[in-house]
Amino acid sequence: MTQRGQNPWPALPGGVLVAPSLLACDFAHVADEIAAVTAAGADVIHVDVMDGHFVPNLSVGPGFVAKVRRCTTRPLDVHVMVTDPAYYVERFAEAGADSISFHVEAAGNPQVLIARLHELGLGAGIVLRPATPAAVIAGFARQVDLVLVMTVEPGFGGQAFEPDMLPKIRAIREMVGPGVRVQVDGGIAPDTARQCIQAGADVLVAGHAIFDAPDEALAVAQLRQAAQEARGS
Ligand code: DX5
Ligand code: ZN
């Protein structure tokens with residue numbers, strides 16, 4: 001039995017959120033991995049969907065999201081790296097996604113897709129590849145719940161953070177104001193998290209920095225510590 005998703009972003013507490021990316025977890029023990037990061041205090045579970053066309057890699061689809069849905073009550077934040085995101089929206093909603101983030105480079109009409117996600121009761125996220133300038137989303141940036149600034153080229157985990165993205169994070173925070181989440185994804189570890197938060201990000205996606213760490217709870221705690229330092233509290 002699947003459950004329909006709900007927009008998690010407005011309901012989640014303020015402050016910086018930590019979203020472990022399951023792409024880096026041990027797929028043979030997904031339920032255990034989710035339990036471990038949940039116990040460690042993860043706010044959101046990030047699921048990366050790749051179609052082998054929009055990005056040169058394959059990952060998971062709605063069937064996986066439905067299985068993950070049964071393992072956790074944490075919101076499921078589904079990042080779709082596919083050529084035709086509109087085609088899959090209902091299927092991910094039915095599988096139990098709470099929020100879907102799609103690439104602006106792939107969306108025919110982003111505003112139609114944002115409206116559709118909201119009609120379904122889901123959070124709507126818009127994603128920018130590193131080469132996509134912030135200005136591309138200026139016309140509708142305040143209609144989304146989340147803007148995801150890719151800090152690596154999408155498609156693979158474990159890549160090096162691109163510091164050139166920091167001005168874009170700043171520009172997007174200025175564009176959306178305080179009411180929209182700004183998420184960063186790719187090469188996020190305590191030092192890079194600190195820089196992104198100082199630039200205005202408030203949702204940290206982290207794959208290898210959490211799942212490859214000897215102690216996942218410590219890794220989540222270190223990201224939170226970095227967030228507190230960056231906000232000067
Ligand atoms: C990359 C994915 C990321 C990836 C991040 O295309 O969107 O979510 O899992 O992995 P790390 O944190 O290892 O760079
Ligand atoms: Zn992602």
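**Exercise 1. Work out which polar contacts tie ligand 1 to the protein in this predicted model.**

Start with a side chain: an N or O atom in the side chain of aspartate 185 sits 2.7 Å from an oxygen atom of ligand 1. Next, move to the backbone. Glycine 207 brings a backbone N or O atom to 2.8 Å from a ligand 1 oxygen, and for glycine 158 a backbone N or O atom is 3.0 Å from an oxygen atom of the ligand. Finally, zoom out: 20 residues surround ligand 1, and the nearest are Ser21, Gly155, Asp185, Gly207 and His208.

**Exercise 2. Describe the largest pocket: how much space does it hold, and what lines it?**

First, the volume: about 290 Å³. The lining has 25 residues, with Gly157, Gly158, Asp185, Gly186 and Gly187 closest to the centre. Now sort the lining by class, and you get 13 nonpolar, 10 polar and 2 charged residues. As for secondary structure, at least two lining residues come from each of strand 2 (45-50), strand 3 (76-81), strand 8 (203-206) and helix 7 (208-211).

**Exercise 3. Is valine 152 buried or exposed? Place it and find its contacts.**

Begin with location: valine 152 is in the loop linking strand 6 (146-150) and helix 5 (166-176). Then check accessibility. Its relative value is 4%, and the cut-off for buried is under 20%, so valine 152 counts as buried. Leaving out residues up to four places away in sequence, valine 152 touches Pro130, Gln159, Ala160, Phe161, Glu162, Asp185, Gly186 and Gly187. One last distance: isoleucine 188 is 36 residues away along the chain, and its C-alpha lies 9.6 Å from that of valine 152.

Key
Residues numbered from 1 in each chain as written. Chains lettered and ligands numbered in written order. Predicted model: local features only at pLDDT ≥ 70, side-chain atom pairs only at ≥ 80, totals over all residues. Heavy atoms only, no water. 1 Å grid on protein atoms, 1.4 Å probe; cavity = no way out; pocket = protein on both sides within 12 Å on 5 of 7 lines; lining within 4 Å. Points joined across faces, edges and corners; volume = space filled by probe spheres on them. Helix = DSSP H or I, 4+ residues; strand = E, 2+ residues; numbered from the N terminus. Nonpolar A, V, L, I, M, F, W, Y, C, P; charged D, E, K, R; others polar. Buried < 20%, exposed > 50% of the residue type's maximum accessible area, 1.4 Å probe, protein only. Contact = heavy atoms within 4.5 Å. Near = heavy atom within 4 Å. Polar contact = N/O pair within 3.5 Å; in protein donor to acceptor, adjacent residues only side chain to side chain.
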